[in-house]
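Open the model in your viewer and keep a selection prompt ready. The stops below can be taken in order.

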Amino acid sequence: MHIFTFNRGTWEDGNPLPEWQDHEEFDDYLNRAGYQTHKTIYGNPDSGHIEVYAASENGTFYANVCPSGDICYEVYLPDFPSLMMFLKDYSSVFSTTSADSALQQILTLQEKLFRAKHGHDGYVSCQECDPTGWKIQERAAEERRKQKAEKQ
């Protein structure tokens, strides 16, 4: 894992946390380092995200940053101002991606529901689902037929 400290807007290599032992479970490592295993997630846990953990006693924070969901970076945040600056600068990137993914899933579901109910895609008008749009579409089609007939 790649290890950093973010101290009030300044990035530094390394951090004062104990090293992760071979075959150690992540929750065990967090407990040994003094952090609660309860986390707040910014982003999508299945892809890019940031997990933030609070220390049990000393007021520090630990962030596990996974830009693509598989490679993660350990970031030590020594105090609350550092946490807030870090979240201000970086959490919106992951939250926006997560929101976009959720909206795409909702749109796909709505499209399937519309097709099941109406028997056609939502961008096509029919008399039942959009009577006004249907009339406009029919008038435009009639006008095109007239123009085509006049040219012949």
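The tour goes from the sheet to a helix and then to a loop.

This is a predicted model, in which local features need pLDDT of at least 70, side-chain atom pairs count only at pLDDT 80 or more, and totals for chains, interfaces and linings use all residues. Residues are numbered from 1 along each chain as its sequence is written, and side-chain values use heavy atoms, leaving out hydrogens and water.

Start with the sheet. Six strands (E in DSSP, at least two residues, numbered from the N terminus) form an open, mixed sheet in the order β2-β1-β6-β5-β4-β3. Select 10–13 and 35–43: these are the edge strands β2 and β3, each pairing on one side only (pairing takes at least two DSSP bridges).

Next select 61–66 and 73–77, the antiparallel strands β5 and β6, which five bridges join. Ala63 stands opposite Val75 in β6.

Now select 26–33, helix α1 (helices are DSSP runs of H or I, at least four residues). Helix α1 lies across β3, β4, β5 and β6. Its buried residues (under 20% relative accessible area, 1.4 Å probe, protein chains only) are Phe26, Tyr29, Leu30 and Ala33. Seen down the axis, they fall within an arc of 100° (taken from the directions from the axis to the C-beta atoms), so they line one face of α1. Just after α1, Gly34 takes a positive phi of about 95°.

Finally, select His120, in the loop between α2 (80–118) and α3 (131–151). Is His120 buried or exposed? His120 is buried, with a relative accessible area of 15%. Leaving aside neighbours within four places in sequence, His120 is in contact (heavy atoms within 4.5 Å) with Phe114, Arg115, Cys126 and Cys129.

Key. Axes are lines fitted to C-alpha atoms, for helices over the stretch in contact, and angles run from 0 to 180 degrees between N-to-C directions. Buried means under 20% relative accessible area, exposed over 50%, partly exposed in between (1.4 Å probe, protein chains only).
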